Structures are given as structure tokens and as C-alpha cells.
Amino acid sequence: MTDRDVFEYALLRVVPRVERGEFFNAGVVVYCRAKSFVAARIHLDEAKLRVLDPGADVTGVRAALHAVEGVCRGGEDAGQAARDDAGRRFRWLIAPRSTVVQPGPVHTGLTADPEGEVERLLDLLVR
């Protein structure tokens, strides 16, 4: 049997018009403390975005989603979070906010492959 570690994940939701509360999933953030792993993958469905808000700033939404990936990578891409460990970066990303890109609730699971889990969840819950 393969050793599996606990991981946490949250979906990234795009809420084009915050006042309406309508959203769709556009990415996932995965954190595994045992592996000091945090990563995000995105998939922005522009057609869905335009259905919810025909005048949406697609470039701005895409930039916000890519910023999440940058924070996960750490280093210069992480901005103020550059020196934080993977856990602190994950906690910062999942903090509630009232912006166009919002984290959903945190869920947990077990995995032997956190990197593979990011792709699996993206395919299962976003694409």
C-alpha cells in the first residue's frame, strides 16, 4: 500500500458581478503540509464568463487567476508572500474576499501524489 498524506483544496470561483453572487469554477488550489506543497491550476471558460457578464474584463480575470498560481510558486512571483512557507501562502489564498476571483470552501482528502491531485481535481471539478 502506498503512503498517502492529507491534503486540502479549495476551488477558485469567478464571480463576475459580485452583487449578483453568480459564479463558476475556474481553478483549484491544493496544499499538502507533509510535502510542503502548494499549487494552483486554472482553466478560465471565457464563454461562461461572458454569459454571466457580457462586459467582463477577461484580461483582468485571467491576470487575477494567474496571480494565484504565482503566489503558489513562491519567489518573486508571490509578491508580499514571497518569504512565506507553503502553508501560509495557502491560508492567505483561501481567506474570504469580495473580489471577482474568490476561494470556495476548503475540503480535505488523502493523496500519494499532490501534483497529480491538482490535475485530477481540475479535470473533475473545473473543466
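**Figure 1. Surface and overall build of the protein chain.** About 7,200 Å² of the protein chain is exposed, and 49% of that area comes from carbon and sulfur atoms. The model is predicted. Its secondary structure consists of four helices and four strands. Read from the N terminus, the order of elements is β-β-β-α-α-α-β-α. The radius of gyration is 15 Å, close to the 14 Å that the globule rule gives for 127 residues, so the protein chain is as compact as a globular protein of that length. Along the principal axes, the C-alpha atoms fill a box of roughly 50 × 35 × 20 Å.

**Figure 2. Burial, contacts and charge in the protein chain.** Of the 127 residues, 43% are buried. Among contacts with a separation of 6 or more, 60% link residues 24 or more positions apart. The charged side chains number 18 positive and 19 negative. The centres of these two sets lie 3 Å apart.

**Figure 3. Strand E2 and its pairing with E1.** E2 spans residues 24–32 and is mostly covered. Eight of its nine residues are buried. Strand E1 covers residues 5–14 and runs antiparallel to E2. Seven bridges join E1 and E2. Within this pairing, Glu8 stands opposite Tyr31 of E2.

**Figure 4. Strand E2 and its pairing with E3.** Strand E3 holds residues 37–42. E2 and E3 are antiparallel, with six bridges between them. One of the bridge partners in E3 is Phe37, which pairs with Cys32. E2 thus appears in two pairings: E1 contributes seven bridges, and E3 contributes six.

**Figure 5. The E2–E3 hairpin and its loop.** Four residues lie between the two strands of this hairpin. Ser36 sits in the loop that links E2 and E3. Its neighbour in sequence on the E3 side is Phe37, the bridge partner of Cys32.

**Figure 6. Backbone and exposure of Ser36.** Phi of Ser36 is near 50°. The value is positive, in a residue other than glycine. Most residues other than glycine have a negative phi. Is Ser36 buried or exposed? Its relative accessibility is 59%. Exposed means over 50%, so Ser36 counts as exposed. The strand before this loop offers a contrast: E2 has eight of its nine residues buried.

How values were computed:
Residues are numbered from 1 along each chain as its sequence is written. This is a predicted model: local features need pLDDT of at least 70, side-chain atom pairs count only at pLDDT 80 or more; totals for chains, interfaces and linings use all residues. Side-chain values use heavy atoms; hydrogens and water are left out. Buried means under 20% relative accessible area, exposed over 50%, partly exposed in between (1.4 Å probe, protein chains only). Two strands pair if DSSP finds at least two bridges between them. The radius of gyration is taken over C-alpha atoms; the globule rule is 2.2 Å times the number of residues to the power 0.38. Contact means heavy atoms within 4.5 Å. Accessible areas come from the Shrake-Rupley method with a 1.4 Å probe; for residues, only the protein chains shown count as cover. Lys and Arg count as positive and Asp and Glu as negative; His and the chain ends are not counted. The place of a charge is taken as NZ of Lys, CZ of Arg, CG of Asp or CD of Glu.
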